[in-house]
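Me: Could you take a close look at a single part of this structure and then place that part in its wider surroundings?

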Amino acid sequence: MARQAQESFRSVTKPVGVVADIRKNGIKSIYHGDGHNESPAPLEAIIDQSSQLALYAVTVGENVSDEISRLFAEDEFAPAAMLDAAASQGAELAAQQVEHSVRQQLKASNRWITGHETMSFSPGYCGWHVSAQRKLFEHLNPQEIGITLTDSCLMQPLKSISGVIVTGPRRIFSFDDNYAFCDQCKNRSCRERMKAIHTDK
Amino acid sequence: MLNQLSDSLLTGNADAVASLVKQAIDQKLDPNNILNDGLIAGMTVVGQKFKSHEIFLPDVLIAAKAMNAGMEILKPLLVKEGIPSIGRIVIGTVQGDLHDIGKNLVGIMLKGAGFEVIDLGKDVAPETFVEAAIENEAQIIGLSALLTTTMPVMKKVVNLATEKGLTGKIKIIIGGAPTTSDYANEIGADAYCYDGINAVDCARRILGVA
Ligand code: B12
Ligand code: SF4
């Protein structure tokens, strides 16, 4: 069934993304958003020590969400849930692909520094309030690839991801998971991400 | 035969469930027994096995589809004989939010446990929740939100229900990744549930169903 979901996912999706470099002073205002962030938060210090920054947004499109709804409406609950999971994973893979292409571009233009790394951060995670999406959208304009933002800061299509890819010395991405908001964190994904940047890509 | 019905649910055999329900009706078994000792009993075992990690979500969902196949045949009879469900729940994703997978799963679990579920869909306004609950004489409103920016709509629903004098009459339960039991307390909701199985336990508790 998992394979069926993957095949179905492939047949109804076409991942697209947009990425744009941004300067430190530009990102600061986007990060600040509407002023609802937690402070301190890991990204504050990371931005300050970064060498390159790029905003991005990716989506796997609306068709897959329509297909999930259709399956639910027809009582095909298991295929619907599997396709939903495949679509979420697809969006995450698309985001990773963008991060990879940022690295490749830096390498191709001889701007990659040995010992540097990339890490992606998204509004809505790790103290960065989701309302910062508004400023991120104003700057990046992902409407061009069909991603829009609702008044409640929800992206449409649903299976979309936005964020900033930070490049900088590996050490700047080491932080403790003991911020006040970490108490509510259900997955502690920063731990995995930190581990990953210490393995060669 | 009702045991066989329960077993067919466990294996997710929708055709077998439909045909066994038909047979049970033909043999003039009490529709209430077909429901409780056949379908709901089967789904209860499915729920228990899921809870103890013996089976996984897709297995539960395949069983739920089979349950629906049986319910489709049994429901007209239950309506005709005036047999009430164990409880009626209005459920939906709050205004401004379009995440509905979690809400759908909760609805499926509640239905499987024998509740009547009125699913209002996603992006549902506070007034719609309250009106639908009054109109359908629901005992519970279930609210789902997946973003911190849409969570405040939950409070609006609670406030509106209070304004309409529904406090105590209609219980409000909430769920969705960023919500917590502290948040439920803060906004005056009756309970927070972390998943579908927990929602079933919680709804049962609220309605005093064994
Ligand atoms: C998969 C996922 C995604 C997927 C798709 C999400 C989807 N549902 O379609 C992708 C990768 C695309 C994604 C994107 C984003 N995500 Co996201 N995502 C998740 C993740 C990891 C799982 C969500 C999920 O699908 N779970 C599976 C379903 C079945 O579970 P569920 O919906 O929670 O429902 C269960 C319970 O909550 C409960 N329940 C739910 N509703 C109800 C209702 C009632 C009445 C009851 C009783 C119970 C109940 O029972 C359900 C069944 O078990 C969560 C974190 C988490 N661990 O939950 C973050 C999370 C929802 N995402 C988050 C964020 C921030 C985002 C983004 C904004 C990030 C970004 N900047 O790109 C975007 C927004 C997308 C958009 N369209 O705007 C935040 C939201 C909180 C916030 N800060 O506002 C979360 C909570 C992560 C976090 N920071 O902790 N995301
Ligand atoms: S524990 Fe969670 S919230 Fe805290 S920094 Fe890590 S991923 Fe972010």
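Reply: In chain A, helix α4(A) is followed by D75(A), a residue whose phi is positive, near 65°; helices here are DSSP runs of H or I with at least four residues, and strands are E runs of at least two, numbered from the N terminus. This is a predicted model, in which local features need pLDDT of at least 70 and side-chain atom pairs count only at pLDDT 80 or more, while totals for chains, interfaces and linings use all residues. Residues are numbered from 1 along each chain as its sequence is written, chains are lettered from A and ligands numbered from 1 in the order in which they are written, and side-chain values use heavy atoms, without hydrogens and water.

Helix α4(A) spans residues 63-73, and its buried residues (under 20% relative accessible area, with exposed over 50% and partly exposed in between, for a 1.4 Å probe and protein chains only) are V64(A), S65(A), E67(A), I68(A), L71(A) and F72(A). Viewed down the helix axis, these residues fall within an arc of 160° (taken from the directions from the axis to the C-beta atoms), so they line one face of α4(A). Their cover, counted by contact (heavy atoms within 4.5 Å), includes α1 (2-12) and α5 of chain A, together with α5 (101-112) of chain B.

Turning to the wider interior, the largest nonpolar core (buried Ala, Val, Leu, Ile, Met, Phe, Trp, Tyr and Cys residues joined through side-chain atoms within 4.5 Å) has 70 residues, and L5(B), L39(B) and L110(B) have the most contacts inside it. Helix α5 of chain A, residues 77-108, gives this core its largest share, 13 residues. Another core, of 32 residues, lies apart from it and includes I46(A), W128(A), L140(A) and C190(A).
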